[in-house]
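Biologist: I've got a new model open and I'd like to learn how to read it. Could you walk me through it feature by feature?

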Amino acid sequence: MATTNKLRSSPSFIFLSLALLFHFYLCKGDLLLNYYSESCPNAEDIIKQEVTDLYDKHGNTAVSWVRNLFHDCMVKSCDASLLLETVNGIESEQASERSFGMRNFKYVSTIKEALEKECPLTVSCADIVALSARDGIVMLGGPRIEMKTGRRDSKESHANFVEESLPNHNDSITLVLSRFQSIGLDVEGIVALLGAHSVGRTHCMNLVQRLYPTVDPTLDPEYAEYLKGRCPTPNPDPKAVLYARNDRETPMILDNMYYKNLLSNKGLLIVDQQLASDPTTYPYVEKFAADNGYFQDQFAKAVLLLSENNPLTGDAGEIRKDCRYVNSI
């Protein structure tokens with residue numbers, strides 16, 4: 001007995017105990033692969049099936065899932081704060097001008113409802129944002145990304161931080177780079193992540209400054225005429241269906257055509273074309289344009305890093321029952 005007590009009081013025993021305790025709490029607070037393997041074994045399969053079913057009915061949902069990840073994780077944390085609606089003193093991040101054109105939030109509820117039937121109050125909305133983006137990327141022909149889970153949901157909106165966190169389409173390339181670098185992305189990763197602009201469409205509200213009163217000289221003339229056909233007025237109605245495709249050749253495929261278009265002066269947004277004119281980013285535009293496989297590899301790495309930006313884990317936050325509202329106290 002004395003020997004046992006002596007062992008327990010030895011410095012090596014105390015150090016080992018502290019190390020094991022630290023490891024326990026570290027693991028508890030970290031994101032993990034297959035986090036729901038015991039608490040909700042079918043969670044990831046349910047999300048994948050819902051994403052697939054929604055894509056078959058509404059193909060543009062896959063693009064929405066990718067944009068949701070960007071808008072949620074760039075603003076302080078990957079914590080599903082983006083999904084909170086304006087109610088009970090909470091101002092929704094969706095009300096920001098930076099969120100203009102975002103849609104399909106209602107289908108997040110479709111995914112959440114399927115999960116709640118299987119495992120009530122278990123799978124976070126933040127993990128739905130991450131995993132739906134992962135599966136949406138595959139639906140768009142992009143790479144399969146192994147994502148960790150275990151994120152928890154914010155109890156508050158970060159609406160006051162949206163403008164300072166999300167780069168705008170007409171910001172300088174210097175500012176755009178600095179915003180992304182603040183979450184740990186390097187220049188190559190940023191150029192790869194912007195390859196998400198390969199899919200989807202952009203409202204004319206975000207294009208007309210390149211067309212009127214005079215055409216941006218960096219635009220390919222024939223491409224400018226196409227854009228004018230899509231956006232015939234310098235003052236488009238923000239509620240009207242006035243859009244141009246980000247990529248006319250493969251509009252719903254996540255590939256390197258985006259970079260080929262940039263090298264042909266067919267960048268849709270100001271920030272897009274700046275990638276091909278700035279000496280810091282141009283080499284990566286060239287590299288991705290020449291090798292789709294390499295682009296997809298770098299895109300996957302960038303998305304993974306974005307998806308793990310400052311998540312709430314452990315006992316922080318909550319698991320929302322309805323992704324639109326914080327749980328009732």
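What follows is a conversation about confidence, backbone geometry, salt bridges, pockets and a cavity.

Biologist: Before anything else, what kind of model is this, and what is the mean pLDDT of the chain?

Modeller: This is a predicted model, where local features need pLDDT of at least 70 and side-chain atom pairs count only at pLDDT 80 or more, while totals for chains, interfaces and linings use all residues. Residues are numbered from 1 along each chain as its sequence is written, and side-chain values use heavy atoms, with hydrogens and water left out. As for pLDDT, that's the predictor's confidence in each residue, from 0 to 100. Here the chain has a mean of 91, and 91% of its residues reach 70 or more. Residues 16-28 have pLDDT below 50, and this stretch has 3 contacts in the model beyond near neighbours in sequence (a contact means heavy atoms within 4.5 Å). Where pLDDT is low, the predicted coordinates should not be read in detail.

Biologist: Okay, backbone next. Which residues have a positive phi although they are not glycines?

Modeller: The general idea: most residues other than glycine have a negative phi, and most peptide bonds are trans. In this model, N88 has a positive phi of about 50 degrees, and N104 has one of about 70 degrees. N88 sits in the loop between α4 (61-73) and α5 (106-118), and N104 is in the loop between α4 and α5 too. Helices (H or I, at least four residues) and strands (E, at least two) are DSSP runs, numbered from the N terminus.

Biologist: Is each one buried or exposed?

Modeller: Buried means under 20% relative accessible area, exposed over 50%, and partly exposed in between (1.4 Å probe, protein chains only). N88 counts as exposed because its relative accessibility is 77%. N104, at 12%, counts as buried.

Biologist: And where is the cis peptide bond?

Modeller: Look from Y212 to P213: that bond is cis, with omega near 0 degrees. P213 lies in the loop between β1 (201-203) and α10 (221-230).

Biologist: How many salt bridges does the structure hold?

Modeller: Side chains of opposite charge can pair when their charged atoms come close. The cut-off used is a side-chain nitrogen of Lys or Arg within 4 Å of a carboxyl oxygen of Asp or Glu. By that rule, the structure holds 9 salt bridges. One of them pairs R151 with D127 at 2.6 Å, N to O. That pair links distant parts of the chain, with R151 in the loop between α6 (125-139) and α7 (162-165), D127 in helix α6, and 24 residues separating them. R151 is buried, at 1% relative accessible area, and D127 is buried as well, at 0%.

Biologist: What about R144 and D135?

Modeller: Their side chains form a salt bridge at 3.2 Å, N to O. R144 is partly exposed, at 44%, whereas D135 is buried, at 4%. Then there's D322 with R324, whose closest N and O atoms are 2.8 Å apart. D322 is partly exposed at 24%, and R324 is partly exposed at 32%. Shared partners also join E44, R134, D135, R144 and E146 into one salt-bridge network.

Biologist: Now the pockets. What is the volume of the largest pocket, and which residues are closest to its centre?

Modeller: First, the method: on a 1 Å grid over the protein atoms alone, a cavity is a set of points where a 1.4 Å probe fits but cannot get out, and a pocket is an open set with protein on both sides within 12 Å along at least five of seven lines; lining residues have an atom within 4 Å of a point. Grid points are joined across faces, edges and corners, and a volume is the space filled by probe spheres set on the points. The largest pocket has a volume of about 1200 Å³. Of its 45 lining residues, R67, H71, F100, H197 and T202 are closest to the centre. Helix α4 gives the most to that lining, with 8 residues.

Biologist: Which residues line the second largest pocket?

Modeller: The lining residues include L33, Y36, E44, R134, R144 and E146, around a volume of about 150 Å³.

Biologist: And which residues line the largest cavity?

Modeller: N246, Y258, N261, L262, K266, G267, L268 and D272 line it, and about 30 Å³ of space lies inside. Helix α11 (residues 257-263) gives the largest share of the lining, 3 residues.
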